[in-house]
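User: Please give me a close look at one part of this model. Start with a loop, then move on to the binding site.

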Amino acid sequence: MAGEKILEVEGLETSYDMIKALKGVSISALSGKLTCILGPNGAGKSTLLFTLAGILNSDQGKVIFAGEDITNQKTSDLVEKGLALVPENRLIFPHLTVKENLLAGAYARLAKEREKVEQDISAMYARFPVLKERSSQLGGTMSGGEQQMLAVARALMSKPKLLLMDEPSVGLAPMIVDEIFSIIKQLNAEGISIVLVEQNASKALEIGDYFYLLDQGKQIFGGSREAILKENIIKKAYLGESAG
Ligand SMILES: Nc1ncnc2c1ncn2[C@@H]1O[C@H](COP(=O)(O)OP(=O)(O)O)[C@@H](O)[C@H]1O
Ligand SMILES: [Mg+2]
C-alpha cells in the first residue's frame, strides 16, 4: 500500500572475508516511492543491494520486506516474493538471446504460467521496441543502452513489487541516460517501488523522492530532496564532482 514501508533495513553489516563493507546500515523505503542511495565509490552501495537481494549474507542486522523478515533468504525465494535486482554493469546473459534473457527473468513463473509469461514478453516488447527487433540477437552483442533496457526488462519479468537498481546510467551516453531515467520514472509512476543506487547524483535528484548517503559502509544522511540540497557539506563532498 502506498505510504507504507515496503523495505526496512536495520543495522545491516556485511563483510567480504576480513573487510567489513557495511557497518550497520539502516534505511527504509516507502511503497510506491523512489528511494535513492548516493555515495562515493567503495561506500558499500552495491554490497547493500547484493545483501538485500540475497546474493551476499549479512553478519548482523535485519531486512524486512513487505512486513516479512527476509534476512539472508535465498535470492530465488526473494524473487518469488517480489524483490528483483538490476545489477551493476547490467550483467545480462551475453550468450543467450534477448528472448532467452527475458525468459530467464521469469524462471520462477515458467512452470506455473508459461502462457502468461509469453504475454508478459509481448508486453515487454511493446514497452521496449528495440528488444522486439532484437529478440533473437545474443544479449552480449547489444549496445550498452540496449543491454541496460534488457536488464530492466528481465527484472520486470519477475513482476517485482520492489526493484533494486545499481547504477543503471554508468558508462552510457547522456541521451541514453535520459532515456533510462525516464523509464525508471515511468515504472515508478506505474506503482513499482524502486531503490536506485546512482553515481550521477544530479540525475537522481531530478527523479528521487527520498535520499540516503552512504560513506565507508555507513549511512551518513537520510532526507528529502529539499533536505539534501540544503546540506552544503554533503553537496560539496559528494554531489559536486559527479553532478552534471
Ligand atoms: N568481492 C569483494 N571482495 C572484497 N572486497 C570487496 C568486494 N566487493 C567490494 N569490496 C569492498 O567493499 C567495499 C564496498 O564496495 P561496494 O559495495 O562495491 O561499493 P560501491 O558500490 O559503493 O562502490 C569497498 O571497500 C570494496 O573494495
Ligand atoms: Mg557499486
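Analyst: K159 is partly exposed, because its relative accessibility of 46% falls between the 20% and 50% cut-offs. The model is predicted, so this is a computed value. K159 sits in the loop between α7 and β7 (162-166). Its phi is near 55 degrees, which is positive in a residue other than glycine.

Q216 makes a useful companion case. This residue is not a glycine, yet its phi is positive, at about 50 degrees. Q216 lies in the loop between β9 (210-215) and β10 (218-224). It counts as exposed, because its relative accessibility of 55% is over 50%.

Now the binding site. Ligand 1 is surrounded by Y16, I19, A21, P40, N41, G42, A43, G44, K45, S46 and T47. By class, that shell holds five nonpolar, five polar and one charged residues. Helix α1 gives the largest share, three residues.

Look next at the polar contacts. On the backbone side, a polar atom of G42 lies 2.7 Å from an oxygen atom of ligand 1. A polar backbone atom of A43 is 3.2 Å from an oxygen atom of the ligand. T47 uses its side chain: an N or O atom there is 2.5 Å from an oxygen atom of ligand 1. Taken alone, ligand 1 exposes 560 Å², and the protein buries 61% of that. Two elements, β2 (19-30) and α1, give two or more residues to the shell.

S46 leads on to the metal, since this shell residue of ligand 1 is also a protein donor of the magnesium ion (ligand 2). The donor atoms are OG of S46 and OE of E88, at 2.0 to 2.8 Å from the ion. The two donors come from distant parts of the chain, 42 residues apart. S46 belongs to helix α1 (residues 45-52). E88 is in the loop between β6 (83-86) and α3 (98-105). S46 is buried, because its relative accessible area of 16% is under 20%. E88, at 27%, is partly exposed.

The loop of E88 runs up to α3, so finish with that helix. Its buried residues are V98, N101, L102, L103 and G105. They pack against four helices: α4 (107-110), α5 (114-127), α6 (129-133) and α7 (144-156). The last of these, α7, also borders the K159 loop.

Methods. Residues are numbered from 1 along each chain as its sequence is written. Chains are lettered from A and ligands numbered from 1 in the order in which they are written. This is a predicted model: local features need pLDDT of at least 70, side-chain atom pairs count only at pLDDT 80 or more; totals for chains, interfaces and linings use all residues. Side-chain values use heavy atoms; hydrogens and water are left out. Donors are N, O and S atoms within 2.8 Å of the metal (3.2 Å for Na, K and Ca); water is not among the atoms, so sites may look incomplete. Buried means under 20% relative accessible area, exposed over 50%, partly exposed in between (1.4 Å probe, protein chains only). A residue is near a molecule or strand if one of its heavy atoms lies within 4 Å of it. A polar contact is a pair of N or O atoms within 3.5 Å; within protein, one must be able to donate a hydrogen and the other to accept it, and residues adjacent in sequence count only if both atoms are side-chain atoms. Accessible areas come from the Shrake-Rupley method with a 1.4 Å probe; for residues, only the protein chains shown count as cover. Ala, Val, Leu, Ile, Met, Phe, Trp, Tyr, Cys and Pro count as nonpolar, Asp, Glu, Lys and Arg as charged, and the others, Gly among them, as polar. Contact means heavy atoms within 4.5 Å.
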